[in-house]
Amino acid sequence: MALETISENRSFGGRQGVYRHASSATGTDMVFAVYLPPQATETEVPVLWYLSGLTCTHENAMTKAGAQEHAAREGIALIFPDTSPRGEGVADDEAYDLGQGAGFYVNATQDPWAKHFRMWDYITQELPDLVFSEFPLDREAQGITGHSMGGHGALSMAMTLPETYRSVSAFAPIANPSGSDWGRKQLGAYLGDDRAAWAAHDSTLLMREKGYPGEILIDQGTDDQFLDLLKPEALAEAVAARRQPATLRMQQGYDHSYFFVQSFIGDHVDWHAERLWKLP
């Protein structure tokens, strides 16, 4: 896979790059960003995947989360993928929460989405194969996090592929999409009416069925304007029922914005770094 460099900038002693490649998973060109900390000039470093939310591209978290300073301090790389395929000929919808910018990190099986919307394969297989061949990254030390729709993706991928993701956290995740209008609409459109297929992408249902072999960190703002759609209480009940090791923090007065993410991204980077650097 040929990798095209769009930009590279010095950041906290490391390098923030943006790249484009032709994706066989989505059948489109895809853009993503990689932050390499200064330690990457000397050794392979652990990786933290950051999955973004509805309407976002790779750029939102890269420019708004303020994660690079913390990643440079801890010596871990950050990868910011896009949230969906894009471009001419890619199916879309007039609503902001379906189609381009709203891939929900699933492999669509229904028309008109199935041709390009294969974000599960893209995030878990194709993009890792590319970045681990191009950058000094430790494939055995991967963590994953995300915000909102991205938190949904991070939790579902970590519980499904715990051998891949050695640490997981989330910011205000869509925690029970099968029971929310942020989920029923999208999973129905992408996967059809088979709720068994939905369950494979529902963090609350996955928690009840599988759990996660390590600890989980989740932050949620108490003033989040989308609380009724996110359903953190459903995931909390599943965590309690399974007795899953987890830290679930309701942060007083915080909303759903990147100001919330900025406020706690340092805690999350530290959380992942502690677990990823200590791998045997």
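Two strands pair if DSSP finds at least two bridges between them; the strands themselves are DSSP runs of E with at least two residues, and helices are runs of H or I with at least four, both numbered from the N terminus. The model is predicted, and local features need pLDDT of at least 70, side-chain atom pairs pLDDT 80 or more, whereas totals for chains, interfaces and linings use all residues. Residues are numbered from 1 along each chain as its sequence is written, and side-chain values use heavy atoms, without hydrogens or water.

Q: What makes strand 7 and strand 8 a pair?
A: Strand 7 and strand 8 share four bridges in the parallel sense, and A170 has I218 in strand 8 as its bridge partner. Four bridges satisfy the requirement, so the two strands pair.

Q: How do you know that strand 6 and strand 7 pair?
A: Strand 6 (residues 137-146) and strand 7 are joined by three parallel bridges, which meets the criterion. Within this pairing, V168 of strand 7 is the bridge partner of I144.

Q: Why is the unit of strand 6, helix 4 and strand 7 called right-handed?
A: With the strands pointing away from the viewer, a right-handed crossover runs clockwise from the first strand over the helix to the second. The β-α-β unit that strand 6, helix 4 (residues 149-160) and strand 7 make is assigned this hand.

Q: What makes Y19 and F32 a tilted aromatic pair?
A: The whole structure holds eleven aromatic pairs. Rings of Phe, Tyr and Trp (its six-membered ring) pair if their centres lie within 6.5 Å, with planes under 30 degrees apart counted as stacked, over 60 as edge-to-face and the rest as tilted. Y19 and F32 lie 5.8 Å centre to centre with 40° between the planes, so they pair and are tilted. The pair links strand 2 (residues 14-22) with strand 3 (residues 29-36), 13 residues apart.

Q: Why is the pair of W182 and F226 called tilted?
A: The centres are 4.8 Å apart and the planes meet at 35°, so both values fit a tilted pair. W182 lies in helix 5 (residues 181-191) and F226 in the loop between strand 8 (216-221) and helix 8 (227-230), so parts 44 residues apart in sequence are tied together.

Q: What makes W182 buried and F226 partly exposed?
A: Buried means under 20% relative accessible area, exposed over 50% and partly exposed in between (1.4 Å probe, protein chains only). W182 has 5%, so it is buried; F226 has 25%, so it is partly exposed.

Q: How do you know that E215 and R275 form a salt bridge?
A: A salt bridge is a side-chain nitrogen of Lys or Arg within 4 Å of a carboxyl oxygen of Asp or Glu. The N to O distance is 2.9 Å for E215 and R275, so the pair qualifies. E215 stands in the loop between helix 7 (203-209) and strand 8, R275 in helix 10 (residues 258-277), 60 residues apart. With a relative accessible area of 40%, E215 is partly exposed, whereas R275, at 19%, is buried.

Q: Why does the charged end of R275 count as sitting over the ring of W271?
A: A charge sits over a ring if NZ of Lys or CZ of Arg is within 6 Å of the ring centre and within 35 degrees of the ring normal. The charged end of R275 lies 3.5 Å from the centre of the W271 ring, so the distance condition is met.
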